[in-house]
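Subject: Structure handover

Hello,

Here is the structure for your files. My notes come after it.

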Amino acid sequence: MLIRESSQHKLEELRSRFPLSAQRIIGVTGDITRPGLGLPEADLARLKGSIDHFFHFAAIYDMAASEASQQAANITGTLYAVQAAGQLGARCFHHVSSIAVSGLYRGTFREDMFEEAENLDHAYFRTKHESEKVVRQQCRIPYRIYRPGAVVGHSRTGEIDKIDGPYYSFKMIQRIRNVMPKWMPLVGVDSGINNIVPVDYVVNAIDYLAHLDGQDGGCFHIVDTEHHSTGQMMNIFAEAAHAPKFAMRFDPKVFNFMPSALVDLLAKLPPVKR
């Protein structure tokens, strides 16, 4: 496992969680933003020719992160990972991409599609698309590409190690639950389509696909067959939290059809006091 010098303590945490596999969890100090992943020559020599599967998970997937940091981690980091995998003589490079490579494509984006991506203006979409392009164009060993949806906690325990994305709505739902009875219908926003997958589903799918014969060069969407709007997701969370649901949901695009003077007036209205 490639780890930064500052993250050495995380290895011990992993070993304590998985005692039966503790001896198999071996850390190699490096940095994906440095050539050769910053691996010491001794480690390169020791590992060369002994790697069957090289899994590249490292990336920045924070939509609000700076473009420079996303460029360094997602594009440059992938390039250095591809080069290191070749230098080590790995038998297969496994690149964990994202459905974000499609950008804001309208319609069904299939596993055999890539260049068809649209509206890649956002740095996250663009860097994820470019990082996959690096693998497709510059990887000289067999590779496989996986595009998961938005990854959330474990399907049975709910455990997650990073609070972001849909989790940001939890505190708001908690506050609503604490001040309103469950039977009270709410009005909320309903925009966009989301695809959410639990982390154990993603891991199990990658594990299966990585060891399936005859799939080199393939691309696999690890997604839910059902898509949910933002409003539907909020209601799913509200039900689990025993909070009031959003009985009426509207798309904020309706403001596009309102006179600007009316929109400005609505924005200036004082909040309702209870």
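The notes below cover the fold, the nonpolar cores and the internal space.

This is a predicted model, in which local features need pLDDT of at least 70 and side-chain atom pairs count only at pLDDT 80 or more, while totals for chains, interfaces and linings use all residues. Residues are numbered from 1 along each chain as its sequence is written, and side-chain values use heavy atoms, with hydrogens and water left out.

The protein chain has eight helices and 12 strands (DSSP runs, H or I of at least four residues and E of at least two, numbered from the N terminus). Of its 274 residues, 37% are buried (under 20% relative accessible area, 1.4 Å probe, protein chains only).

The largest nonpolar core (buried Ala, Val, Leu, Ile, Met, Phe, Trp, Tyr and Cys residues joined through side-chain atoms within 4.5 Å) holds 25 residues, of which L37, F54, F93, V135 and C139 touch the most other members. Two or more residues each come from α2 (41-47), α3 (67-88), α4 (123-138) and β5 (143-148), and α3 gives the most, with eight. Another core, of 11 residues, lies apart from it and includes I173 and M233.

There is one cavity of 30 Å³ or more (a set of points on a 1 Å grid over the protein atoms alone, where a 1.4 Å probe fits but cannot get out; lining residues have an atom within 4 Å of a point). The largest cavity has about 40 Å³ of space, the volume being that filled by probe spheres set on the points, which are joined across faces, edges and corners. Its lining includes H56, N74, H95 and K128, and α3 supplies the largest share, three residues.

Regards

Note on methods: Buried < 20%, exposed > 50% of the residue type's maximum accessible area, 1.4 Å probe, protein only. 1 Å grid on protein atoms, 1.4 Å probe; cavity = no way out; pocket = protein on both sides within 12 Å on 5 of 7 lines; lining within 4 Å.
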